[in-house]
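Student: I should like to work through this structure by question and answer. May we begin once it is displayed?

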Amino acid sequence: MLHRNRYFGKYGGSFSAETLVPLLIEIEEAFEEFKKNRQMKEELEIMLKNYAGRPTPLFYAKNLSKKIGIDVFLKREDLLHTGAHKINNALGQMMLARMMGKKRVIAETGAGQHGVATATAAAYLGFECMVFMGEEDIKRQAPNVRKMKLLGAEVIPVKSGSKTLKDAINEALRFWIANAQDTYYLIGSVVGPHPYPRIVRYFQSVIGRETKIQFKMLKNRLPEALVACVGGGSNAAGFFYPFIDQKDVKLFGVEAGGSLKDKKKNSASLNYGKPGIFQGCLTYVLQDKSGSVLEAHSVAPGLDYPAVGPEHSFWKDTSKVEYGVVYDEEALEYFEILSKEEGIIPALESAHAVAFLEKLAKKGLKEAVVCLSGRGDKDLETFFKIRANSYQ
Amino acid sequence: MKHSLKSEQTLINKGKYEILRKFEIAKKEGRSALICYYPFGFPDIPTSLDIINEISKQADLVEIGIPFTDPTADGKTIQNAYEIALKNGANINTFIENLNHLKLQCPGILMSYLNPVYQFGIEELSLRISKKGISGFIFPDLPLEEKVRHFNKINCKRLPINLLVSPNDSLLRAIKIAKETEGFVYLVSSLGVTGARDRFDKRIFNIAQEVKKSLDCYLAVGFGISNPEQVRELGSTFDGIIIGSALVSIIEYKKRSDNDFKELKDFLNKVKNNTYKIRA
Ligand SMILES: Cc1ncc(COP(=O)(O)O)c(C=O)c1O
């Protein structure tokens, strides 16, 4: 039976095809076993350290602080192997796949970061790997597609629907339903049916745990606020979770508002959506009156998703976290500002979190730690296409 | 189970009775029940309603598919049909608006992903559609545990929910589901999404046998059944045969001149003939 504990308040659950239920139960059992197994946890820890590059630095961004008028610390997940927080989860879940004796892993990807992380972990740990990616994203994130191929993964172009992240998940689920016996689905965010939201949050919580220790070493107290971008919500969940019951730390999730020129098309499901059942769970979803799911939009492909992890829905309703919106134009501006001020090129996803600092400064906050979830190499083409006139 | 449903006229019991009665009749006639699926709105709204009405003359039960943007349990054929249907404006709300054009000759079953039903509200929906000959639901994304959690409240005024069993399920789980289903048991023929295929998972025969041993219930098999030969083959084990994508394909490739659905009717005739069990 599926575990009773599969909800976050009223959100979450396991709304999946019956064919997948026995697998979800098996994954949950592997996960529970992993959590109890010291040897395996140590093995993961060593991989995170020597292979992925943990712990990541907590960096005081002095120039940016001065410019915006709020003390800014960056949790440098962008410095990890493969360039984003996604590798924390990929290595972790790969251990579950190994425990279950699966030979093949499949993954979906939007920005390509989760695809690259999964392909990397598969190459290292000896799994066959297939990555589903929307055709639209294949166009926007060409460097990551080449990386996945070089790493030995098969990239499957997804032509259905909006040809972005949600359709890649649909296609991965369909493939999984047909190949459930030998395949592990390594989902890339805190989304999907139970137990995935819990598993991914568990493996990403290393971000928040490190931050807590590092900040204490620096200031001997907790930070005033944390800020993270929210696509599916994995970097934010892992960052926030160790602080979630700390009432003196303000938590801010930043959703993608899409372009200022067309505010109707966005990816801010917590701000503009309503509860619905989508891709395996009950959560906030961008949808119309008939329950059709809307196409999302964001200049950041990793945020381009019409729903959000169910735990964030719970955190929103219980006011544990406040969720704001940053538009494409603002994110692009801060993509440039962080590059010029600190010599750090952020992922467009992470640039949403950085841009939000301006709003926090206006609210009168004095200090914030930003989860810099990834680096911006993959976004250079997008950026220069939009800013063609300013750089000749 | 099937003998105790005559009296109380709650929506659940009434729907259950209507569905199970069709299985009983088929059994008496020495055949398996023919259950046909067709998506609302494909190739357009009026034509789809004509087709559904036409199908209901031959079938024992007709499943009406509500188009959804993200049909994760469906293969290419139904995905394409849903995409076109959505472009035609077909959805749960326009289905309700068109209920008066539904002239069903057999009980209907609403087949929908959960979200449209969740948004509409299952009680209000049940009330509206039960007046137009629809007797139950099938939700491809509702497993046993979530059905129990969300839909088993006492006094829930809704139509019965028919649950699915997969070849992946243990016998124990299959039996649990069979106990909880409120009409028949929908056994998925093989691992994978909907769409034509030529082989079925061998485990389904064992599951069917074992479930029947411990429980008095009707089992229908579906997913990928596309020709009359398969109907004959599976009819010897199962109480009902479900055909979906195959009907959609016929309409997809329909010649322009075929205005009275001749090909569809011929196919249904052949299939229906093959539901009769051959006596050894
Ligand atoms: C760098 C980076 N940040 C954030 C995200 C958004 O995902 P999540 O909200 O799960 O952290 C992605 C997704 O691809 C990403 O690549």
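**Burial, salt bridges and ligand contacts**

Tutor: Glu18(A) has a relative accessible area of 6% and is therefore buried; the model under discussion is a predicted one.

Student: With which residue does Glu18(A) form a salt bridge?

Tutor: Glu18(A) lies in the loop between strand 2 (11-12) and helix 1 (21-36) of chain A, while its partner sits in helix 8 (residues 171-180) of chain B, so the pair joins two chains. The partner is itself buried, at 7% relative accessibility. The closest N and O atoms of the pair are 2.7 Å apart, and the residue asked for is Arg173(B).

Student: Which residues are linked with Glu18(A) and Arg173(B) in a network of salt bridges?

Tutor: The network contains the pair just described, Glu18(A) and Arg173(B). Its other members are Glu145(B) and Asp169(B).

Student: How far apart are the closest N and O atoms in the salt bridge of Asp137(A) with Arg140(A)?

Tutor: Both residues belong to helix 6 (residues 135-140) of chain A, where they are three residues apart, about one turn of the helix. Both are buried. The closest N and O atoms of this salt bridge are separated by 2.9 Å.

Student: Is Asp379(A) buried or exposed?

Tutor: Asp379(A) forms a salt bridge with Lys378(A), with 2.9 Å between the closest N and O atoms. Lys378(A) has a relative accessible area of 4% and is buried. The cut-off for burial is under 20% relative accessible area. Because its own value is 0%, Asp379(A) is buried.

Student: What share of the ligand's area does the protein bury?

Tutor: The ligand is surrounded by 18 residues, with Ser189(A) and Gly231(A) among the closest. A polar side-chain atom of Ser189(A) lies 2.6 Å from a ligand oxygen, and the side chain of Ser234(A) places an N or O atom 2.7 Å from a ligand oxygen. Of the 390 Å² that the ligand exposes when taken alone, the protein buries 97%.

Student: What is the radius of gyration of chain A?

Tutor: Chain A has 16 helices and 14 strands, and its C-alpha trace spans about 55 × 45 × 40 Å along the principal axes. For 392 residues, a compact globule would have a radius of gyration near 21 Å; the value for chain A agrees with this and is 19 Å.

Student: Which residues make the nonpolar surface patch of about 320 Å²?

Tutor: One of them lies in the loop between helix 14 (328-342) and helix 15 (348-362) of chain A, namely Ile345(A). At a relative accessible area of 39%, Ile345(A) is partly exposed. The patch is made by Ile345(A), Leu380(A), Phe384(A) and Tyr391(A).

Methods:
Residues are numbered from 1 along each chain as its sequence is written. Chains are lettered from A and ligands numbered from 1 in the order in which they are written. This is a predicted model: local features need pLDDT of at least 70, side-chain atom pairs count only at pLDDT 80 or more; totals for chains, interfaces and linings use all residues. Side-chain values use heavy atoms; hydrogens and water are left out. Patches are made of residues with over 30% relative accessible area and no salt bridge: like charges are joined within 9 Å, nonpolar side chains (Val, Leu, Ile, Met, Phe, Trp, Tyr) within 5 Å. Accessible areas come from the Shrake-Rupley method with a 1.4 Å probe; for residues, only the protein chains shown count as cover. A salt bridge is a side-chain nitrogen of Lys or Arg within 4 Å of a carboxyl oxygen of Asp or Glu. Helices (H or I, at least four residues) and strands (E, at least two) are DSSP runs, numbered from the N terminus. Buried means under 20% relative accessible area, exposed over 50%, partly exposed in between (1.4 Å probe, protein chains only). A residue is near a molecule or strand if one of its heavy atoms lies within 4 Å of it. A polar contact is a pair of N or O atoms within 3.5 Å; within protein, one must be able to donate a hydrogen and the other to accept it, and residues adjacent in sequence count only if both atoms are side-chain atoms. The radius of gyration is taken over C-alpha atoms; the globule rule is 2.2 Å times the number of residues to the power 0.38.
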